[in-house]
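Please open the structure in your viewer and keep the sequence beside it. This tour suggests what to select at each stop and says what is there.

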Amino acid sequence: YFADVRNRELIERLRAAGVSWEETITGSGQVRGPLAGQTFVLTGTLRTMTRDQARARIEQCGGKVLGSVSKKTNWVVAGEDAGSKLENARALGVGIIDENELLGRLI
């Protein structure tokens, strides 16, 4: 669903109009979703969304977005002109994905 540009645009129009969604919380108080328990770092320029939009979508799916790469980072999302965060991810052996792969995980 989220891989389709029209669907993402619809969601952005709904958000701009003030529509919001609550996160799904389990009985233990933990967020559920396809990205639950995973940490991401965004670097470079994304083609179809801003970093703020990417952060919101990752968090809605249960993931967490951090500002810097560490050994505990699961994924670095590398856009165009990615810089030192991408280099740090490679040095630490952190998984690197592109925007398309991120979109495929945002279900």
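The stops below begin with the whole chain and then move from one element to the next.

**The whole chain**

Begin with a cartoon of everything, keeping in mind that this is a predicted model. The secondary structure of the protein comes to 4 helices and 4 strands, and if you trace the chain from the N terminus, the elements follow the order α-β-α-β-β-α-β-α. Of the 107 residues in the protein, 32% are buried. If you then switch on a surface, you will be looking at an accessible area of about 6500 Å², of which 48% belongs to carbon and sulfur atoms. Contacts also tell something about how the chain is arranged, for among those with a separation of 6 or more, 61% are between residues that lie 24 or more positions apart.

**Helix H1**

Now select residues 5-16, which form helix H1, a stretch of 12 residues that reaches 16 Å from its first C-alpha to its last, close to the 16 Å expected at 1.5 Å a residue. Show the side chains of Asn 7, Arg 8 and Ile 11, which are the buried residues of H1. If you turn the view until you look down the axis of H1, these buried residues fall within an arc of 100 degrees, so they line one face of the helix. What covers them includes helix H2 (51-60) and helix H4 (99-105), and both of these helices will be visited later. On the other side of H1, select Arg 6, Arg 13 and Ala 16, which are exposed.

Before leaving this part of the chain, add Leu 10, Leu 14 and Val 19, which form a nonpolar patch on the surface with about 190 Å² of accessible area together. Leu 14 lies in helix H1, and it counts as partly exposed because its relative accessibility is 32%. Just after H1, select Gly 18, which takes a positive phi of about 100 degrees.

**Helix H2**

Move on to residues 51-60, helix H2. Which residues of H2 are buried? They are Ala 54, Arg 57 and Ile 58, and, seen down the axis of H2, the buried residues fall within an arc of 100 degrees, so they line one face of the helix. To see what lies over them, display H1, strand E1 (39-43), strand E2 (64-66) and H4, which are included in their cover.

In the same helix, show the side chains of Arg 55 and Glu 59, which both lie in H2, 4 residues apart, about one turn of the helix. Side chains of opposite charge can pair when their charged atoms come close. Here Arg 55 forms a salt bridge with Glu 59, the closest N and O atoms being 3.7 Å apart. Arg 55 counts as partly exposed at 33% relative accessibility, and Glu 59 is partly exposed as well, with a relative accessible area of 30%. Following H2, you can select Gly 62, whose phi is positive, near 95 degrees.

**The loop before H3, and Leu 86**

Next select Asp 81, whose place is in the loop between strand E3 (75-78) and H3. Asp 81 has a positive phi of about 60 degrees although it is not a glycine, and Asp 81 is exposed, with a relative accessible area of 74%.

From there, continue to Leu 86, which lies in helix H3 (residues 84-92). Is Leu 86 buried or exposed? Leu 86 is buried, its relative accessible area being 11%. Leaving aside its neighbours within four places in sequence, Leu 86 is in contact with Thr 43, Ala 78 and Ile 96. If you draw a distance from the C-alpha atom of Leu 86 to that of Val 69, which is 17 residues away along the chain, the separation is 8.5 Å.

**Helix H4**

For the last stop, return to helix H4 (99-105), which is part of the cover of the buried residues of H1. The structure holds 2 salt bridges, and one of them is found here, where the side chains of Glu 101 and Arg 105 meet at 2.6 Å, N to O. Being 4 residues apart in helix H4, Glu 101 and Arg 105 are separated by about one helical turn. Glu 101 is partly exposed, with a relative accessible area of 37%, while Arg 105 counts as partly exposed at 22% relative accessibility.

Methods
Residues numbered from 1 in each chain as written. Predicted model: local features only at pLDDT ≥ 70, side-chain atom pairs only at ≥ 80, totals over all residues. Heavy atoms only, no water. Helix = DSSP H or I, 4+ residues; strand = E, 2+ residues; numbered from the N terminus. Expected span 1.5 Å × (residues − 1). Buried < 20%, exposed > 50% of the residue type's maximum accessible area, 1.4 Å probe, protein only. Arc of directions from axis to C-beta. Contact = heavy atoms within 4.5 Å. Patch = residues over 30% accessible without salt bridge, like charges linked within 9 Å, V, L, I, M, F, W, Y side chains within 5 Å. Areas by Shrake-Rupley, 256 points an atom, 1.4 Å probe, with all protein chains shown as cover. Salt bridge = Lys/Arg side-chain N within 4 Å of Asp/Glu carboxyl O.
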